[in-house]
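Here is a colleague's note to read alongside the structure, written as numbered points. Please keep the sequence and the 3D view open while you go through them.

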Amino acid sequence: RGGAAPKLRDRWQPGIDVPASSGRADSGDIEIDLVELLTDAAAVASDVGTGVAIFIDEMQDLGPEDVSALCAACHELSQIGAPLIVVGAGLPHLPAVLSAAKSYSERLFRYQRIDRLDRIAADQALCAPAEREEVEYEPKALDLLYEKSGGYPYFVQAYGKATWDHAPRSPITAADVRVAAPEAEAELAVGFFGSRFERATPAEREYMRAMATLSLVEAEAGGTVRDDMDAAVPTAEIARALGRKPASLSPARDALIKKGLIYSGERGTVAFTVPHFGRYLRTQPA
């Protein structure tokens, strides 16, 4: 075919002629199999005097059957005191995902909210690696970097990298941060906010735009006028702003929650899962 390199599907695929061996954890029922698999793994760990930890990132993206199986396995392991722990990380609506799978998940897991970095931690994230290169930050530069990032770890990294690349010498100044900030914001607009925005349907984007407008209004009403702080918004207010009945907007709201773009921290309200998203949406053309 014109000398073109063969695609992976066109390459020779050797078969497997070893017969499958049946045993535990291969019934085809994920809930039964996962319980047996983790129980056996924990038994081996106990025999050798150690423990097993399983780490799952973006846990809210697991399918309903997988979440149910995981809850069942953790419940079984907790009943027998097995030396195996499951550590999951996810967006704020993860507890609701687990609760929907198994009602007992609320008492099965211990929830730890990981919020934005405080000022000390954010400064440490910037200064510690800089010190190894014998570079310092002026206090006003750190003030501005924290104001820009809001303490959100990914933003601390984005603004820190842009500033590091632009600063001509040590110490890094607030002027260096101001020069570098547009580059960081442009990168976030495409790779961070833009990728999330593209995942939404037109109806979902309309819902988020209404949220963005109302979240700024709510923030101002609470005595805050900063454009980078988005308040939680009552779903009834979103329906009123769009001239729709709340029930008709439920599909868009539920889809946005499942996509991890918004979450419901309290009944009847929604908020963006990442900071500055409302500000980004307010800059986008309708």
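1. Before any helix is named, it helps to know that helices here are DSSP runs of H or I with at least four residues, numbered from the N terminus. With that in hand, L37 can be placed in helix α1, which covers residues 30-47. L37 is partly exposed, since its relative accessible area is 48%, and its C-alpha atom is separated by 8.9 Å from that of A73, although the two residues are 36 residues apart along the chain.

2. Please keep in mind throughout that this is a predicted model. The secondary structure of the protein comes to twelve helices and five strands. Of the 286 residues in the protein, 36% are buried. If one takes the contacts with a separation of 6 or more, residues 24 or more positions apart account for 69% of them.

3. Helix α2 offers another pair of residues to locate in the view. D66 has its place in helix α2 and is partly exposed, with a relative accessible area of 36%. Between the C-alpha atoms of D66 and A101 the separation is 9.1 Å, and these two residues are 35 residues apart along the chain.

4. The next points concern helix pairs, and in general two packed helices are described by the angle between their axes and the distance between the axes. For helix α5 (residues 119-132) and helix α6 (residues 139-149), the axes come within 10 Å and cross at roughly 115 degrees. Angles of 65 to 115 degrees count as roughly perpendicular, and α5 is therefore roughly perpendicular to α6. The crossing of these two helices, α5 and α6, is right-handed.

5. Which residues in α5 and α6 meet? From α5 come R119, A122, D123, L126 and C127, and from α6 come P139, L142, D143, L145 and Y146. By class, the residues of this contact of α5 with α6 divide into seven nonpolar, no polar and three charged.

6. Helix α5 also has a contact with α7, and here the axes come within 10 Å and cross at roughly 35 degrees. The crossing in which α5 passes α7 is right-handed. On the α5 side the residues are A122, A125, L126 and A130, and they meet V156, G160 and W164 in α7. The contact of α5 with α7 has six nonpolar residues, one polar residue and no charged residues. A careful reader will notice A122 and L126 in the list for α6 and again in the list for α7.

7. Staying with helix α7 (residues 153-166), one can find Q157 there. Is Q157 buried or exposed? Q157 is exposed, because its relative accessible area is 56% and exposed means over 50%. The C-alpha atoms of Q157 and A125 are separated by 8.3 Å, while the two residues are 32 residues apart along the chain.

8. Some backbone details deserve a check, given that most residues other than glycine have a negative phi, and most peptide bonds are trans. E58 is not a glycine, yet it has a positive phi of about 50 degrees; E58 is placed in the loop between β1 (52-56) and α2 (64-80), and with a relative accessible area of 41% it is partly exposed. E134 likewise shows a positive phi, near 60 degrees, in a residue other than glycine. The loop between α5 and α6 is where E134 is placed, and at 73% relative accessibility E134 counts as exposed.

9. A peptide bond should be checked as well. S170 and P171 are joined by a cis peptide bond, for which omega is about 0 degrees, and P171 is found in the loop between α7 and α8 (174-198).

10. The last point is about helix α11 (residues 250-258), where S250, A252, L256 and I257 are buried. These buried residues cover an arc of only 165 degrees around the axis, which puts them on the same side of α11. The exposed residues P251 and K258 are carried by the face of α11 turned away from its buried side. Just after α11, G260 takes a positive phi of about 75 degrees.

Technical notes. Residues numbered from 1 in each chain as written. Predicted model: local features only at pLDDT ≥ 70, side-chain atom pairs only at ≥ 80, totals over all residues. Heavy atoms only, no water. Axes fitted to C-alpha atoms, helices over the stretch in contact; angles between N-to-C directions. Parallel < 35°, antiparallel > 145°, perpendicular 65-115°, else oblique. Left-handed = near helix turned anticlockwise from the far one by under 90°. Contact = heavy atoms within 4.5 Å. Nonpolar A, V, L, I, M, F, W, Y, C, P; charged D, E, K, R; others polar. Buried < 20%, exposed > 50% of the residue type's maximum accessible area, 1.4 Å probe, protein only. Arc of directions from axis to C-beta.
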